[in-house]
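Good morning, and thank you for coming. Today I shall present one structure, and I ask that you keep it in view while I speak.

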Amino acid sequence: MFSKAQELELLQDEPQAGNASELRVVKSLLWDAIAASLNASERDEVRRVIGVSRLDENEALFAEASALADILGEVQLNTKELLARHSLCRNVQRSMVESEVRMLMERLRSLAAAAPFTGSAIRARDPESVVPKAQAKDK
């Protein structure tokens with residue numbers, strides 16, 4: 001998937017989850033700045049001249065952009081956590097233990113292939129060798 005260097009690069013280049021909204025170029029609505037500079041009595045008239053539907057649509061798009069920024073922040077956080085967990089699985093100790101387990105499994109397979117059922121192993125599995133035989137007077 002990713003090399004160790006690529007994972008580190010992604011972790012360093014990726015903005016923090018809380019900073020996803022900082023990537024946005026537009027941080028507030030222009031109408032909010034305009035409305036703040038107007039008298040209360042002028043706001044409705046200027047809003048009508050600009051176009052109420054335009055301002056409403058702009059507000060809806062701004063809310064959608066905010067929601068997308070939140071989703072981006074969550075995805076970045078989840079990605080960072082997954083990459084951190086993935087890097088934990090790639091440490092030296094784990095790979096050493098995995099190789100030792102592989103060698104043990106290969107050794108067990110080779111031993112089983114060499115002599116699967118010989119000598120006392122067959123006798124140990126034979127139920128008649130464990131169960132006492134019935135004598136003539138028991139019948």
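I begin with a definition: a residue is called buried when its relative accessible area is under 20%, exposed when that value is over 50%, and partly exposed in between. Glu-98, at 31% relative accessibility, therefore counts as partly exposed. Please note also that this is a predicted model.

Let me now describe the chain as a whole. The protein chain contains 7 helices and 0 strands. Followed along the sequence, its pattern reads α-α-α-α-α-α-α. The chain has 139 residues, of which 12% count as buried. About 11,500 Å² of the protein chain is exposed, and carbon and sulfur atoms supply 59% of that area. If we take the contacts between residues at least 6 apart in sequence, 71% of them join residues at least 24 apart.

I turn next to a pair of helices. In general, two packed helices are described by the angle between their axes and the distance between those axes. Here helix H2, residues 30-37, packs with helix H3, residues 40-50, at an angle of about 145°. The axes of H2 and H3 lie 10 Å apart, and the crossing of these helices is right-handed. On the H2 side, Trp-31, Ile-34 and Ala-35 make the contact; on the H3 side, Arg-43, Val-46, Arg-47 and Ile-50 do so.

How many salt bridges does the structure hold? There are 3, and I shall take them in turn.

One of them joins the side chains of Glu-45 and Arg-48, with a distance of 2.5 Å from N to O. Both residues belong to helix H3, where they stand 3 residues apart, or about one turn of the helix. Glu-45 has a relative accessible area of 41% and is therefore partly exposed. Arg-48 has a value of 52%, so this residue is exposed.

Another salt bridge links Arg-47 with Asp-56, and their closest N and O atoms are 2.7 Å apart. Arg-47 has already appeared in the contact of H3 with H2. Asp-56, at 38% relative accessibility, counts as partly exposed.

The remaining salt bridge takes us to helix H5. Which residue forms a salt bridge with Arg-102? The partner is Glu-98, with the closest N and O atoms 3.8 Å apart. Arg-102 and Glu-98 are separated by about one helical turn because they are 4 residues apart in helix H5. Arg-102 counts as partly exposed at 49% relative accessibility, as does Glu-98 at 31%.

Finally, I come to the surface. Val-97, Val-101, Leu-104, Met-105, Leu-108 and Leu-111 make a nonpolar surface patch of about 530 Å². Val-97 is found in helix H5, which covers residues 92-114. Is Val-97 exposed or partly exposed? At 49% relative accessibility, Val-97 counts as partly exposed. A patch residue needs over 30% relative accessible area, and Val-97 meets that condition because its value is 49%.

That concludes my presentation, and I thank you for your attention.

Terms used: Residues numbered from 1 in each chain as written. Predicted model: local features only at pLDDT ≥ 70, side-chain atom pairs only at ≥ 80, totals over all residues. Heavy atoms only, no water. Patch = residues over 30% accessible without salt bridge, like charges linked within 9 Å, V, L, I, M, F, W, Y side chains within 5 Å. Areas by Shrake-Rupley, 256 points an atom, 1.4 Å probe, with all protein chains shown as cover. Salt bridge = Lys/Arg side-chain N within 4 Å of Asp/Glu carboxyl O. Helix = DSSP H or I, 4+ residues; strand = E, 2+ residues; numbered from the N terminus. Buried < 20%, exposed > 50% of the residue type's maximum accessible area, 1.4 Å probe, protein only. Axes fitted to C-alpha atoms, helices over the stretch in contact; angles between N-to-C directions. Left-handed = near helix turned anticlockwise from the far one by under 90°. Contact = heavy atoms within 4.5 Å.
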